[in-house]
Amino acid sequence: MKQRKKWMPVLASLVLAGSLTACSGGSEAEQPQTPSAEPKSENVYKEKYDPEVTISTVWGIDPTLQYKNGETIENNVATKWAKEKMGINIKTLWSITDTNGAFGTKLRLSMSSGQDMPDIVTLGNENNQLAQDLIDSGMFADAGALFDQYASDNWKKAMDLDPGVWNQYTRDGKRMGIPVLDYAYNHDYVLWIRQDWLDKLGMSAPKTMDDLEKVMDAFRNQNPSGLAPDKVTPLSIGFKTSMNTWMADPSWIFGAYGTLPQQWNEGADGSLEYGSVNPAMKEGLLKLKEWLEKGYIPKEAALWDENKTAEPAVAGTAGIIPGPYWMSGWPLSDTVKNDPDAVWKPIPIPVGPDGTAMRHGTHYTNGVTLINKDMEHPEAFFTYQNYLFDNYASAGPGSEFENGLFEGYDYQLDENGKMIPNDEIDGGFVNALRYLLVRDGARIPDAQMKALMKLADGAEPESRLEKEVAVNYGKDTPEAAKVLLSQEEISKKNLFTGPTTETMKSKWDYLTKIENQIMNEIIYGKQPVDAFDTFVQTWTAGGGEQITKEVNEWYQSVK
């Protein structure tokens, strides 16, 4: 997962509590029996195991993860909780600090060298190809069958909000991995703009791409904070990682002309096309080239990743940064440390010449959990995860865990019983969520927006999620969520969510390499824009045509 501030919404903290009373959806033999009943076989699913059971796993450790009280990833408040609450021992086979893809590399080596594989492994979207390879290795179980048997009603209802989340992990009708659910719209964009600069210039928020250029020019050449033109970043974007990612990429610029790069979109004929080879890309590339020459975007944009783009915003030298609704909490809340007059406000995505606007949409999944086919007690994983969905995901007033996961780690209350901000927690905030078997714990996709809309309408925070939003997300977050939903129709998800196709396995890395190369060369003036047409021909002949055929065969099978 991308590196983000320890308490931001994307890394929402976990709450664990209550009794696990429902393992609904299972067969009669799996349900609790009355004293007079004589089940044909033991109900292996338990709320607490005695004797204890063990679940083995491996860890790719976020390098920013903090610890306290002498704890480690192998032995901490969460592993102790699992043992005491459920009789589950979490055994670590190995752990590694996950920098430069180290976790994926080590896991792949473990697989290829015949080392013991973990009972449970959770992989984020950044390791999707590895997840596909692990599924195809034959080492992992039919997770869907286990899910049907053991998952609680709350977990099943959350998964049913988008049944398509299973698609990329399905083989011959079997669901070989359990999708890790994410919040809806979590990575959709708005534009964050320096409202104080607009006010001093007497300008309104831009509604069109032409308006946006006028604002960027004024921010650079008539800077309200007195910054020299070469010290201003009118629009902070970067595309080192991708043209289509979670913060500060330019995908919405291409969206103004009718396509979204590096994802599969539906064409006029109803079939899927790869956005990066749509002719509309040329207009977006020309626009970025023009903005680079005028100093509207960073000269180093091709070398800037998501976190780098935040630096001028925090420094008070950027005027606009595109990104999710939660950015008022991080990183933009830190801008006032460098410019006390700074005021960031969310605005809608500007439209192109014909009124078009498009932004990449957020899928409801943020990764996958795989279950080893040789796991002795796979039902124990569902004891663990059902508990989270039944007690954390929608923890309300009066719940034992209505404020957070572990007191003193991810939350703390003041003398009046009110939640204090994360950065005021004694001994420092610890994102104990990262100590758990499944990234992000347990999320119901529509829960975040429901909480935000409630707060935006002036309601007092009651649930755990509402309190977390109100205390830690930044005061403008509910307003930004409203801005986001005002353009709900422009949100376009990547429509290919199936497993890696046969030709992708051998050709996709090459095609991605030549794509990134031509994009950068056109933007930086090393190639004329017509070189894009040559690239499309090369892409098509080099495997793109066959991949497009395979993608559409899949699409028709699930449409």
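In this predicted model, the count of cavities of 30 Å³ or more comes to two, and the largest of them holds about 90 Å³ of space. Of the 14 residues lining that largest cavity, Trp155, Pro179, Val180, Gln385 and Val438 are the closest to its centre. Several of these names return below, in the account of the largest nonpolar core and of the strands that pair with β14.

**The largest cavity and its lining**

- Two elements, β6 and α11, give two or more residues to the lining of the largest cavity, and β6 gives the most, with four residues.
- By residue class, the lining of the largest cavity divides into nine nonpolar, three polar and two charged residues.
- Rolling a probe the size of a water molecule over the atoms shows where empty space is left.

**Nonpolar cores**

- The largest nonpolar core has 84 residues, among which Ile88, Ile178, Phe381, Phe382 and Tyr384 touch the most other members; helix α11, residues 378-391, supplies the largest share of this core, with seven residues.
- Once its neighbours within four places in sequence are left aside, Phe381 is in contact with Ile55, Ile120, Trp155, Ile178, Thr369, Ile371, Met375, Leu437 and Val438.
- There is also a second, separate core, made up of 57 residues, and its members include Tyr189, Ala280, Ile522 and Phe535.
- In soluble globular proteins, nonpolar side chains tend to be buried together.

**Strand β14 and its partners**

- Strand β14, residues 365-371, is largely enclosed by the rest of the structure, because seven of its seven residues are buried.
- With strand β3, residues 120-124, β14 pairs in the antiparallel sense over five bridges, and in this pairing Val121 stands opposite Leu370 of β14.
- Strand β6, residues 178-181, also runs antiparallel to β14 and is joined to it by three bridges, with Pro179 having Val368 as its bridge partner in β14.
- Pro179 therefore appears in two settings, as a bridge partner of Val368 and as one of the lining residues closest to the centre of the largest cavity, where β6 is the element that gives the most residues.

**Ser56 in strand β1**

- Ser56 lies in strand β1, residues 53-61, and its relative accessible area is 7%, which is under the 20% cut-off, so Ser56 counts as buried.
- Beyond its neighbours within four places in sequence, Ser56 is in contact with Lys91, Leu93, Pro118, Asp119 and Ile120.
- Ser56 and Lys46 are ten residues apart along the chain, and their C-alpha atoms are separated by 18 Å.

**Thr317 in a loop**

- Thr317 is found in the loop between α10 (306-315) and β11 (318-323), and with a relative accessible area of 19% it is buried, because the cut-off is under 20%.
- Not counting residues up to four places away in sequence, Thr317 touches Trp197, Leu227, Lys231, Val232, Thr233 and Pro312.

**Helix α12**

- Among the residues of helix α12, which spans 447-456, Ala447, Gln448, Met449, Ala451, Leu452 and Leu455 are buried, and what covers them includes α13 (464-472) and α14 (477-486).
- An α-helix has 3.6 residues a turn, so residues three or four places apart point the same way.
- Gly458, just after α12, takes a positive phi of about 95°.

**Backbone details**

- The peptide bond from Asp50 to Pro51 is cis, with omega near 10°, and Pro51 is placed in the segment before β1.
- Trp330 and Pro331 are likewise joined by a cis peptide bond, with omega about 5°, and Pro331 falls in the loop between β11 and β12 (344-347).
- Gln262, a residue other than glycine, has a positive phi near 55° and sits in the loop between α8 (251-255) and β9 (264-266).
- Asp440, also a residue other than glycine, has a positive phi near 65°; Asp440 lies in the loop between α11 and α12, and at 0% relative accessibility it counts as buried.

Technical notes: Residues numbered from 1 in each chain as written. Predicted model: local features only at pLDDT ≥ 70, side-chain atom pairs only at ≥ 80, totals over all residues. Heavy atoms only, no water. Core = buried A, V, L, I, M, F, W, Y, C linked by side-chain atoms within 4.5 Å. Buried < 20%, exposed > 50% of the residue type's maximum accessible area, 1.4 Å probe, protein only. Contact = heavy atoms within 4.5 Å. Pairing = 2+ DSSP bridges. 1 Å grid on protein atoms, 1.4 Å probe; cavity = no way out; pocket = protein on both sides within 12 Å on 5 of 7 lines; lining within 4 Å. Points joined across faces, edges and corners; volume = space filled by probe spheres on them. Nonpolar A, V, L, I, M, F, W, Y, C, P; charged D, E, K, R; others polar.
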